[in-house]
Amino acid sequence: MIKVGHIREAHGLKGEVKVFLESRDGSWFKKAQKITLQAGEHLKKRKPEHPAIARGPQEFSLLSVRKAQENFVFTLKEVKDRTTAEGMVGLEVWIDEKAFATKKGEAIFLREVTGFEVFDN
């Protein structure tokens with residue numbers, strides 16, 4: 001699993017969440033069908049009573065993603081209202097590494113070449 005960002009705030013009344021991504025590249029959205037949300041160390045220190053800490057990591061189905069200024073808005077199948085979305089603020093967003101695998105001819109992700117040796121002929 002790879003951490004890609006965190007939930008910044010609820011968005012609208014239908015349970016969408018605004019997500020801050022650690023990278024401006026959102027091309028992996030097309031491959032990611034599920035995300036995992038979990039409380040990170042920052043939330044554990046700031047709000048040790050947050051219910052997500054006791055629940056542990058939870059998987060959600062990613063229905064849609066759209067750009068919203070410098071953030072992204074995620075629509076999650078399991079989240080139907082603003083109150084639920086507000087309870088998710090501060091949770092980290094994780095995705096499966098497979099969403100970052102490229103096919104021949106596609107632009108590669110930096111993480112795919114980390115650790116490679118480079119030779120200059």
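Strands S1 and S2 pair in the antiparallel sense, and six bridges join them. This pairing is a convenient way into the structure, which is a predicted model. One of the contacts between the two strands can be picked out by name: Gly5 has Leu21, in S2, as its bridge partner. Right beside this point in the sequence is Val4, a residue of strand S1. The C-alpha atoms of Val4 and Leu21 are 5.7 Å apart, although 17 residues separate the two along the chain. Val4 has a relative accessibility of 7%, so Val4 counts as buried.

The S1 and S2 pair belongs to a wider arrangement. Six strands form a closed barrel in the order S1-S2-S5-S4-S3-S6, with antiparallel pairing. On average, neighbouring strands of this sheet are turned by 45° against each other, direction ignored. Strands of a sheet in general pair through backbone hydrogen bonds, and may do so in a parallel or an antiparallel way.

For a reader following the chain from its start, the protein chain contains three helices and six strands. Their order along the sequence is β-β-β-α-α-β-β-α-β. Contacts in the protein chain often reach far along the sequence: among those between residues at least 6 apart, 64% join residues at least 24 apart. Of the 121 residues, 36% count as buried.

Attention now turns to the interior. The largest nonpolar core has 26 residues, and those with the most contacts inside it are Val17, Ile35, Leu37, Phe74, Leu76, Met88 and Val93. Two or more residues of this core come from each of strand S1 (2-11), strand S2 (16-21), strand S3 (34-38), strand S4 (58-68), strand S5 (71-76) and strand S6 (92-95). The most is given by S1, with four residues. In soluble globular proteins, nonpolar side chains tend to be buried together. Leu76 offers a closer look at the packing. Leaving aside residues up to four places away in sequence, Leu76 touches Val17, Ile35, Leu37, Phe60, Ser61, Leu62, Leu63 and Met88.

Charged side chains add another set of links. Six salt bridges are counted in the model. Side chains of opposite charge can pair when their charged atoms come close. In one of these salt bridges, the side chains of Glu92 and Lys3 meet with an N to O distance of 3.5 Å. Glu92 lies in strand S6 and Lys3 in strand S1, so this pair ties together parts that are 89 residues apart in sequence. The relative accessibility of Glu92 is 14%, so Glu92 counts as buried. Lys3, at 32% relative accessibility, counts as partly exposed. The pair is also part of something wider, since Lys3, Glu22 and Glu92 are linked in a network of salt bridges.

A further salt bridge joins Glu9 and Lys18, with the closest N and O atoms 3.3 Å apart. Here Lys18 counts as buried because its relative accessibility is 12%, while Glu9, at 36%, counts as partly exposed.

Helix H1 (residues 41-46) holds both members of another pair: Glu41 and Lys44 are three residues apart there, about one turn of the helix. Their side chains meet in a salt bridge, with N to O at 3.7 Å. Glu41 has a relative accessibility of 52% and so counts as exposed, whereas Lys44, at 34%, counts as partly exposed.

The next helix can be described through Ile53, which has its place in helix H2 (residues 51-55). Ile53 and Glu41 are twelve residues apart in sequence, and their C-alpha atoms are 9.8 Å apart in space. With residues up to four places away in sequence not counted, Ile53 touches Ala39, Leu43, Lys44, Lys47 and Pro48. Ile53 is partly exposed, as its relative accessible area is 26%.

Finally, the confidence of the prediction varies along the chain. The mean pLDDT of the protein chain is 83, and 84% of its residues reach 70 or more. Among the elements, S2 has the highest mean pLDDT, at 94, and H2 the lowest, at 73. The strand that pairs with S1 over six bridges is thus the element with the highest mean value, and the helix that holds Ile53 is the element with the lowest.

Definitions and conventions. Residues are numbered from 1 along each chain as its sequence is written. This is a predicted model: local features need pLDDT of at least 70, side-chain atom pairs count only at pLDDT 80 or more; totals for chains, interfaces and linings use all residues. Side-chain values use heavy atoms; hydrogens and water are left out. A nonpolar core is a set of buried Ala, Val, Leu, Ile, Met, Phe, Trp, Tyr and Cys residues joined through side-chain atoms within 4.5 Å. Buried means under 20% relative accessible area, exposed over 50%, partly exposed in between (1.4 Å probe, protein chains only). Contact means heavy atoms within 4.5 Å. A salt bridge is a side-chain nitrogen of Lys or Arg within 4 Å of a carboxyl oxygen of Asp or Glu. Two strands pair if DSSP finds at least two bridges between them. Axes are lines fitted to C-alpha atoms, for helices over the stretch in contact, and angles run from 0 to 180 degrees between N-to-C directions. pLDDT is the predictor's confidence in each residue, from 0 to 100.
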